[in-house]
Amino acid sequence: MDAVRCSVECLSEFSECQSHSLRLIQDTTNVFLTSGDRDVLILNVHERRVTTVMQFEASVLNLALSDDKHQLYALCANGGLYCTPLPPQLSSSSVLVNKSLDSVLYTVPGDCMVLKNADLQAFTIVEKILVTLSLHKSIWSFDLYEEPGSRPLCKLARFQVMTQNTCCLNIPDKEKIASSPPVLTCIYPEGSPSVSTHQSDLHPHLEPHLFRLLFGVDASLVKSPVILCGLPDGRICCFPLLVPTLAGPTGEQRSPVRVLQSLEQPVIFIGTCVSGEHGPQCLVAVGQRGKLLIVRSKQATLEGKKADYCFNEHSVRGPVLCACVDDKWLYYSSLNDLHALQLTTTSSSSEATGTESHVQALTSDSLGVCRVIALVGPYRNSTGSVQLLAVSLSGRLLRVNLPQGYEKGNVQRLPSSLAGQRVKDLLASIGNIWERAESLKHKLQDKNESLKRLNQVINVCSLLLDVHGNENECNTGTKHPISCRGVARWSSLLQRDSLTLTCVLENSSGCILEHGWTLCIQVHPLSKGPNMEGSSRTYSFPFKKLDSGQKLDVTIPLESTGGLSLPVKVYCSLVFSLSTLFSPETSSPGVSQLITETGCISAPLSTLTVDWLDALRLEGSFSHGNIRHDTVTDGIQAFLRSRGALNKDTDNTTKSGPNAVMVRVSSELLKSKLHLSATSSAETCMAVLKWLVSPEAMGQTSVQSPVICAYSPDGCSVKIMAKEITLGDFCSDGPFEVLEIRVESTSVAAVCGLHHAILRRLQVLLRDSTVKCAHAKQLKAQSLFEAVRHVESLYKDLQDAQNQAALSGTMKMKSSEILFPIFLQLRANPLVIL
């Protein structure tokens, strides 16, 4: 089979559709298309766009235009036959032209329904007569109505045909019939005065001689159009439309319907072709499985036989989905290819003998267009070439342009000597396309993987942003989907004790932290000493994967080159590097540069504070030999003091005895905030001390008494005591129970640090807790006045000490000897926290 080189243009695209649900008709410049849904699309072939969308009440099964092309008939799935006028912009007589690029939506109202019959299968409009075909209880009924000009319709006649037993035809039940609807065609005799110019392209014609032989003298004399119907069982029935019904011998009305021929397979197409001097000379019918019927007239022979007609049956490769005819060509689609078959009036050898020919195969030309499920046309353009309008299975409206001279066989075909080289070129092109497709496939997979990982990153960030801003303390914490907790511990390495912070990253969410995430911990000292400039440190811990329910433990030192400085703020965050989204092989230089400039995504986790209480070492939890005593530093300081190079003010200890500070808090307030159920005073004190130092969190022994003996980070001994006292003159309601927390140490730094840590914990407890006391206490004014006078006197002493410090060049008294007692008095007589 030779292939013809034709060009294909895509005019428009729709959704995918099936051949049994698609209907396509053409009217000069407009194409009416439905794919089995409620919408009928009207496309302008010249503008290559959908100009109007007509929406019906139900799915559209069939379409037809009236003889004057001003009305559209549509058969819907609800059994209704609708007749609606076409929009004004589609009417040839209208001067209005739709210049908008947007499609116009026109909803067909329900009152446009002219006929309601659930058994309707097909219909056509001829000579202002509506011909319908319905199937009910194994009876095909042809009903003739006047064209809808008024309601209700006036029925003119009814003809019925019994269905055949379809078992021998391998046709299933009614569902198979519904999938292959009948074909209704009207054929006019050439030269009929009732055929106007605007109807010539709606119905086929047949030369008068063959028309008279096939359909009778009566139909030929009155120039009556003939209705041909191809039933799903393969029969081709016909009856004249304008010939009056005759009565039989017994007086009953005789049906004019007769069976012309049977293809024994569903009929797909009926038309006429092969133009002669007096019109088309052949009647053509095509079956679904490839049977082709050509009916021709035979001239009178020399033996005196009268003129007759013959049926020639041929076969083409099926299944045939759609077909159309031109002057001498039959175009049909077998889904795999679009074929062109030349039809001529050449009589076969069997015709000369006066017998009908048997089924014989014909050779058709391939047009190289596949997956075509609907055809309309053909028609010739201004250059004289043949064009077909086709709809593909993927839902595209195509215009197939056949080359000029194709009908005469003048189309250049590929020489056989170059066929092998052309095959090699095609195979090489296929190989190149396959390589490009594989490359694009890998790139698409990489992009999909990157988008998947980016989606996970966004999900993790959304979880972290929900808890951002909440300060999670190291000894108290709230359960979050992704959390980071920290505990300060002392460790010994190479006979040296050091304070470390162990952070635990826990993933309790449904997300997976994959490669690219990094746990970043920033340590920022809060004290501002001379050696603390730029002392913030950041530690990064990248990890490959952290599944849901898993934990990650990391340990960092809290000491820097300048020593241990407490308190410190610890900021924990998760950082994702954008460069891990792309592999180095697939990422382009532009993407790499963009990633380098933008950096990464940082999501905060929690903020921890490590103070002097977190750094305490309780007695009994370690060996006293492990306490760090910096003997070298003590020897250097003693040598410098002996030489007068070091003042005694720089020493952290005093010779007079331990320093003490205290904090007084309402017992009722602490019990309500901490939810303490202790009854005795000793149990309350131990519970408060346990809350302060959190020994279990640091892996130390529990608190067993209201007095805690410990060592501070600088190696000095510290005592933290708690006891309940009663204040008689403080509250007007009577004696007031107060819990007093007292810190004693010979180290001024330890006393100040612990005092600050206790006050910070109380502030956090009073700020974050939602529990309120039962009632406010009525304080005595006298006690408040005394406290104010005491603070005013201390403030006056502080001003005097500052003035003496300004005159230190002439004054012998040192400022520290005055400031230090003031400091002790401020902390020795505190106010009560209510």
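1. Strand 21 (residues 279-287) and strand 22 run antiparallel and are joined by four bridges. One pairing sets V286 against L292 of strand 22. The model is a predicted one.

2. Strands 21 and 22 make up a hairpin, with three residues separating them. The turn includes G290, whose phi is positive, about 105 degrees.

3. Strand 22 also pairs with strand 23 (residues 308-315), again in the antiparallel sense, here over eight bridges. K298 has D308 of strand 23 as its bridge partner.

4. How many residues of strand 22 (residues 291-298) are buried? Eight of the eight are, so the strand is largely enclosed by the rest of the structure. Buried here means under 20% relative accessible area. Neither face is left uncovered: K291, L293, V295 and S297 are buried on one side, and L292, I294, R296 and K298 are buried on the other. L292, the partner of V286, and K298, the partner of D308, thus both belong to the second of these sets.

5. On internal space, searching the whole structure gives three cavities of 30 Å³ or more. The second largest cavity holds about 40 Å³ of space.

6. Which residues line the second largest cavity? They are R453, Q456, V457, I512, E514, H515, W517 and F576. By class, the lining has four nonpolar, two polar and two charged residues. Helix 5 (residues 419-466) supplies the largest share of this lining, with three residues.

Terms used
Residues numbered from 1 in each chain as written. Predicted model: local features only at pLDDT ≥ 70, side-chain atom pairs only at ≥ 80, totals over all residues. Heavy atoms only, no water. 1 Å grid on protein atoms, 1.4 Å probe; cavity = no way out; pocket = protein on both sides within 12 Å on 5 of 7 lines; lining within 4 Å. Points joined across faces, edges and corners; volume = space filled by probe spheres on them. Helix = DSSP H or I, 4+ residues; strand = E, 2+ residues; numbered from the N terminus. Nonpolar A, V, L, I, M, F, W, Y, C, P; charged D, E, K, R; others polar. Buried < 20%, exposed > 50% of the residue type's maximum accessible area, 1.4 Å probe, protein only. Pairing = 2+ DSSP bridges.
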